[in-house]
Amino acid sequence: MTATLGINEIRQRAAKFVVEWGDAKEEDSEAKPFWIALLAVYGISPRRIVTFEAKIKRKKSGTGKIDVFIPGLLLVEHKSRGLDLDIAWEQAKGYVADIKDDRDLPRWVIVSDFARFWVYDMEYKEDETPIIKFDIKELPEKAEYLSFLAGYEASPVNPGLPVDQLAATKLGLLHDQLLMSGYGGHNLERLLVRLLFCMFAEDSGVFPEKKQFQKYLKNSTREDGSDLGANLQILFQILDQLETSRQKGLTEELQVFPYVNGGLFQETLSIAVFTKQMRNTLLDCCALDWAKISPAIFGALFQAAMDPLSRRNLGAHYTSEKNVLKALEPLFINELWKKFKAINGHPKKLENLHNEIANIEILDPACGCGNFLIVAYSALRTLELEILKAIYKDKAVQIKLDIRDILKIDLRKFHGIEIEEWPARIAEVAMWLVDHQLNLRLSELGHALVRLPLDRGAHIVNGNALTGDWASIVKPSELTYIIGNPPFSGAMVMGDKQRTDAEVVFSDLPGSGVLDFVSCWYWKAAKFIQGTNIKVAFVSTNSIVQGEQVALLWKPLVERYRANIKFAHRTFKWMNEARGKAAVHVVIIGFDVTNPAPGPIWNYIDPAGEGQAILASNINPYLIDAPTVFVTNRDKPICKVSPMRFGSMPRDGGHLILDSGERKAIIKEYPEAKRYIREYLGTEEFLNGGTRYCLWLVGIDPSELKAIPPILERVRKVKAFREASKAEATRRYASIPTLFCQNAHPDGSYLFVPGVSSERREYVPIGFMDSSVITSNSAFVVPNATHYEFGVLSSVMHMAWMRTVCGRLESRYRYSKDVVYNNFPWPKDPSEKEKTVIAEIAKAIIAERARHKTTLSDLYDPDLMPPALVKVHKALDIHIDRLYRVKPFTTEEERVSYLFNEYTDLIADAEEPKLPKLEIKKRKGRL
């Protein structure tokens, strides 16, 4: 169904309906005429309503009559005035459950009693609360919330959406309509930005009259929309002309529009051809109160609104102001407010502080729609207002005369770089709009300012921040802060263009190919701020403070560019409050190249909760209060423990691997093959169950191989696969196709360590295997391991180390022998008695697991872990902790900090003694 009625027309019809039915008496209990009249408001004919006598069998209560049923759209359960609508809702759910044909299932359910309406969206069954409740007399103002009845998209009418998202969705609908009509590209993006400005301007006092733009559209354009594009073009020309330069004879409705300037309306766009439906959509957009929309978040919302696939999940695409402040407050906002409060009203010091904040210059080199710049500008203008109130508290009359002169914070000192044109233009407009909102607050000084024409604006550049020269945007000597939320693409999922840009940025950093895309901004910022006092704060995926990326990125940042981390938020969920909200695990890092100084670290026990700040003596690149050391790849353990190695790698094209059916079929026909088929265990099977097998043909005689044709055929396929490989190392193994390319199988029992494990688990489960089981290269093996070693590796101490230094596969932990295991600081010289205690607890863990006939994945699920298993693990943790120190550890951060100090000592002891200076000189001479 396509919308044919405009929202304004629907409101007019709704007002008439309320006059006729708003005072319905108790005896007017018939639902049929009431609902026929109400549905007519939205243009629905009675013929579309399935007969009111249709009955659907109920499982518990026999039959029931549906009051209103429009298959695929609407079901209504209507009660007499004053009856319990919760009961009506339960009854309506029963009717919906009994509808057999999915095509007939209603998207919407309404329960009502003549006076009240509760509206439910059945796409959100997990949320059994109405998306809107209203009384009949509110229908005209709530009419758009039922506009799905008139054929409008469902998402715009959901009043559960914040007004920002509602506006973005409506504007997105207009975008789609224009795009489908053939009007797209640069013209479309510029047109939408202009419309956005006009709608905000008419609701927030930028234009002289309330709803001035809406009135112009309604009164000056035809209902069929045929002349709307041309009239918009005329209006845009007027907004770009000084009042004194305009042509005589303009209509009064055009004359009252002010001169805007700012370049927003300067370019001549192609004229868009509108239809009646498109005109109605634009008028529906105008009907919202745009003054209530926060420029701090709407930019990214409108960017998402342009993508129909993203529109249902708009909340996933904006950065909340609360999260932005986590970066900006410790960077500069908190310190400025601290200075203001310490001044205590001293006039000269207030003037000095005012000058200080007026000289602040900020760059966001990946600004998107301007979220960070907007929040930063708002914060400084808010402080400026308080400073002015303190200075001029008794001079309101004077301020009315010169308020423009006493405002010192300048939009032109806020710079942004954005690679996409649409968000760059949104950022420009959003900065103008937030400036206007803040100017209205000057009424607290006795006079609100409307800054027209727009003679100044933020400096937003549409360009590539990674290949461009930041100094051409703003000189390093003038800049104060670099802020932002650069793109999060991982190293393995970067597009070709991103990878090319990264290669340009990291041309002087060997091995940078494993670094995530966000690292480019750290590298470029560190270079840019050399020899300055510029401070930087970026939001990043937590991958750049974990695993191999830390040493690769941060070691040169620290040693080559003297990067010093001033504050940090450890891993938390970058979330917002909308339905379908996005949740990305991120960190925030503030750094500069000045002398190190103690700074705060925010720890998050619950990544979705509030962080707790602690003052650190040093923040290392793992975001731990510990010495700045780097955990790099190490070939063998730094402590005297059993070596770890990869499992066995077949590199066989899958021909040496069998499922249960294939194994059974071979053995049935050739029983002698059984001795060459082994259980084959990878991380997936170990954690989640299931069985695979492999052909383990070590030592097989050629005559035996020839006597088992199905195995011989598989061997031949392995040979062909390896010969055809592009990898030289694989081709070398084509001459021995009976064997795995990498045979790491121990002769005796061994410890199995999964290569990947869920980030939800407190403990990564490990286990003992006997030599009959072949471990795949998706896991690690520790040959001849003891139960003591099992205990240490299963402890929360080892888990804390692993979580800090391991890499990630998506968000899961990716274990590493070279980084995690070989660098782990084991307890120093435990006694045999202590080892025995640990070993006995380890055996108790294994025994407790065996009591449960389920997978390790379920056993170690934090929501399912059996209490007895939790208890024995906690006992192990206590005993392992005591091997490190007597004082108990209270947090994971405390454990990791301790381990880093231990690691610092270990690598100092492991360093090879340096040659005497004289001998070094001699060697240099010989070279």
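1. Two residues are in contact when heavy atoms of theirs lie within 4.5 Å. With that in hand, here is a good way into this predicted model: among the chain's contacts with a separation of 6 or more, 72% join residues 24 or more positions apart. As for the secondary structure, there are 33 helices and 27 strands in the chain. Buried residues make up 54% of the chain's 927 residues.

2. A word on confidence before you look closer. The average pLDDT of the chain is 84, and 86% of the residues score at least 70. Residues 57-62 have a pLDDT below 50, and this stretch has ten contacts in the model beyond near neighbours in sequence. The pLDDT also stays under 50 over residues 154-161, where the model has 25 contacts beyond four places in sequence. Please read both stretches with that in mind.

3. Helix H8 is a nice place to begin. This helix covers residues 228-239, twelve in number, and reaches 16 Å from its first C-alpha to its last, close to the 16 Å expected. Nine of the twelve residues are buried, so H8 is largely enclosed by the rest of the structure. Among those buried residues are Leu228, Leu232, Leu235, Phe236 and Leu239, and the list also takes in Asn231 and Gln233. What do the buried residues of H8 pack against? Their partners are helix H6 (185-204), helix H7 (212-220), helix H9 (252-255) and helix H10 (276-287).

4. Helix H17 can be read in a similar way. Its 20 residues, 421-440, should span 28 Å at 1.5 Å a residue, and the end C-alpha atoms are 29 Å apart, which agrees. Because 17 of the 20 residues are buried, H17 is largely enclosed by the rest of the structure.

5. Next, the nonpolar interior. In soluble globular proteins, nonpolar side chains tend to be buried together. Here the largest nonpolar core has 113 residues, and Ile482, Trp554, Ile589, Phe591 and Phe900 have the most contacts inside it. A second, separate core has 104 residues, including Met199, Leu288, Leu350 and Ala427. To see the larger core from one residue, try isoleucine 589, one of those with the most contacts inside it. Leaving aside residues up to four places away in sequence, isoleucine 589 touches Tyr522, Val536, Ala537, Phe538, Ile544, Val545, Trp554, Ile565, Phe567 and Leu623.

6. Isoleucine 708 shows that a loop residue can be buried too: this residue sits in the loop between helix H23 (702-706) and helix H24 (709-723), and at 2% relative accessibility it counts as buried. What does isoleucine 708 touch, not counting residues up to four places away in sequence? The residues are Ile666, Tyr670, Glu672 and Ala673. Proline 671 is 37 residues from isoleucine 708 in sequence, with 9.6 Å between their C-alpha atoms.

7. Cysteines deserve a quick check. How many disulfides are there? The count comes to zero. Two cysteines worth finding are cysteine 520, which counts as buried at 1% relative accessibility, and cysteine 806, buried at 0%.

8. Charged pairs come next. Side chains of opposite charge can pair when their charged atoms come close. The structure holds 39 salt bridges, and a few give a feel for their settings. Lysine 817 pairs with aspartate 818, with the closest N and O atoms 2.7 Å apart, and both of these residues are buried. Glutamate 848 and arginine 851 meet at 2.6 Å, N to O. Are these two buried or exposed? Glutamate 848 counts as buried, at 11% relative accessibility, while arginine 851 is exposed, with a relative accessible area of 57%.

9. Two further salt-bridge examples round out that picture. Arginine 885 and glutamate 894 meet through their side chains at 2.3 Å, N to O; glutamate 894 is partly exposed, with a relative accessible area of 23%. Elsewhere, a network of salt bridges links Asp203, Lys210, Lys211 and Asp289.

10. Finally, take a look at glutamate 840 in helix H29 (residues 832-850). Glutamate 840 is partly exposed, with a relative accessible area of 43%. Along the chain, histidine 787 is 53 residues away from glutamate 840, and their C-alpha atoms are separated by 7.7 Å.

Definitions and conventions:
Residues are numbered from 1 along each chain as its sequence is written. This is a predicted model: local features need pLDDT of at least 70, side-chain atom pairs count only at pLDDT 80 or more; totals for chains, interfaces and linings use all residues. Side-chain values use heavy atoms; hydrogens and water are left out. pLDDT is the predictor's confidence in each residue, from 0 to 100. Helices (H or I, at least four residues) and strands (E, at least two) are DSSP runs, numbered from the N terminus. The expected span of a helix is 1.5 Å times one less than its number of residues. Buried means under 20% relative accessible area, exposed over 50%, partly exposed in between (1.4 Å probe, protein chains only). A disulfide is a pair of cysteine sulfur atoms within 2.5 Å. A nonpolar core is a set of buried Ala, Val, Leu, Ile, Met, Phe, Trp, Tyr and Cys residues joined through side-chain atoms within 4.5 Å. A salt bridge is a side-chain nitrogen of Lys or Arg within 4 Å of a carboxyl oxygen of Asp or Glu.
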